[in-house]
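The exercises below are meant to be worked through with the sequence and the 3D structure in view. Try each task before reading the solution that follows it.

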Amino acid sequence: MYDNEPTMMGQGRPAATLVVRQGSQAGMSFSISGNQAIIGREEGLDIILQDAEASRRHSRISWQAGQFVIEDLGSTNGTFVNGIQIAGPQVLNPGDSIGIGQTALVFQAAGIPQPRAYPQYEAPSPPPVSSRTSGTANQESKTTQYLLYGCGCLLLIGICILLAMAAAVLLMPSLVEDVTGLDISFNLIETYLNLA
């Protein structure tokens, strides 16, 4: 049985296409001919993107339970549908915008009504290398992380100072007496040091 052949259960899988709207391959279209299409940079995939920000095996579009579904395959930069990063399988409707790296694609399928219009996906311009954070939550997380690192460093410095002072008291009580004016005598320690 073929993908587009009607079955006793009803209509077969409709023809689907991805049209590149933005990116180095703008104007190209890719037909989804089988029950699934793997998208990414790797040679030999169903849809090969020439986009450095796309992962080798970035995402998959498949025909499941009478609808097209897209899912991210653990990509580095994520997969976006209508400007929102997907966290799991997402049903695709005709006209949906798919964002992969710097490439924007539009999903088209014949015979499936378009439920509503979505804004076109605009690929984000890459942030400077020194500040690759996304959103306020990441900035707050980084701020908290740096604050904890700073407190940890201060605590470590304080412990080192206390250890140095304790070593000075134990090893050179006469020096401590000269500096502070306090008579610190440790007969046991002096006896131990004299024996060594």
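**Exercise 1: the salt bridge**

A search of the whole structure, which is a predicted model, finds one salt bridge. Identify which residues form this salt bridge, and determine whether each of them is buried or exposed to some degree.

*Solution.* Step 1: the partners are arginine 60 and glutamate 71, whose closest N and O atoms are 3.4 Å apart, which falls within the 4 Å cut-off for a salt bridge. Step 2: arginine 60 lies in strand β5 (residues 59-64) and glutamate 71 in strand β6, so the pair ties together parts that are 11 residues apart in sequence. Step 3: buried means under 20% relative accessible area; glutamate 71, with 17%, is therefore buried, whereas arginine 60, with 22%, is partly exposed.

**Exercise 2: the aromatic pair in the interior**

Find the aromatic pair that phenylalanine 68 and phenylalanine 107 form, and classify its geometry.

*Solution.* Step 1: the count of aromatic pairs comes to two. Step 2: in the pair of phenylalanine 68 and phenylalanine 107, the ring centres are 5.3 Å apart and the planes make an angle of 65°; because planes over 60 degrees apart count as edge-to-face, the pair is edge-to-face. Step 3: phenylalanine 68 is in strand β6 and phenylalanine 107 in strand β11, 39 residues apart, so that the pair links distant parts of the chain. Step 4: both of these phenylalanines are buried, and ring pairs link them with Trp63 into a cluster.

**Exercise 3: the nonpolar core**

Determine which members of the largest nonpolar core touch the most other members, and which elements give two or more residues to this core.

*Solution.* Step 1: the core has 21 residues, of which Leu18, Ile32, Ile61, Phe68, Leu92, Ile98 and Phe107 touch the most other members. Step 2: the elements that give two or more residues are β1 (16-22), β2 (29-32), β3 (36-40), β6 (67-72), β10 (97-100) and β11 (103-109). Step 3: leaving aside neighbours within four places in sequence, isoleucine 61 is in contact with residues including Leu18, Ile32, Phe68, Leu92 and Ile98.

**Exercise 4: the nonpolar surface**

Establish which residues make the nonpolar surface patch of about 540 Å², and where methionine 165 is placed.

*Solution.* Step 1: the patch is made by Leu154, Ile157, Ile161, Leu162 and Met165. Step 2: methionine 165 has its place in helix α1 (residues 135-171). Step 3: for the wider setting, the chain comes to three helices and 11 strands, and exposes about 12,800 Å², of which carbon and sulfur atoms supply 59%.

Technical notes: Residues numbered from 1 in each chain as written. Predicted model: local features only at pLDDT ≥ 70, side-chain atom pairs only at ≥ 80, totals over all residues. Heavy atoms only, no water. Core = buried A, V, L, I, M, F, W, Y, C linked by side-chain atoms within 4.5 Å. Buried < 20%, exposed > 50% of the residue type's maximum accessible area, 1.4 Å probe, protein only. Helix = DSSP H or I, 4+ residues; strand = E, 2+ residues; numbered from the N terminus. Contact = heavy atoms within 4.5 Å. Patch = residues over 30% accessible without salt bridge, like charges linked within 9 Å, V, L, I, M, F, W, Y side chains within 5 Å. Areas by Shrake-Rupley, 256 points an atom, 1.4 Å probe, with all protein chains shown as cover. Salt bridge = Lys/Arg side-chain N within 4 Å of Asp/Glu carboxyl O. Phe/Tyr/Trp six-rings, centres within 6.5 Å; stacked < 30°, edge-to-face > 60°.
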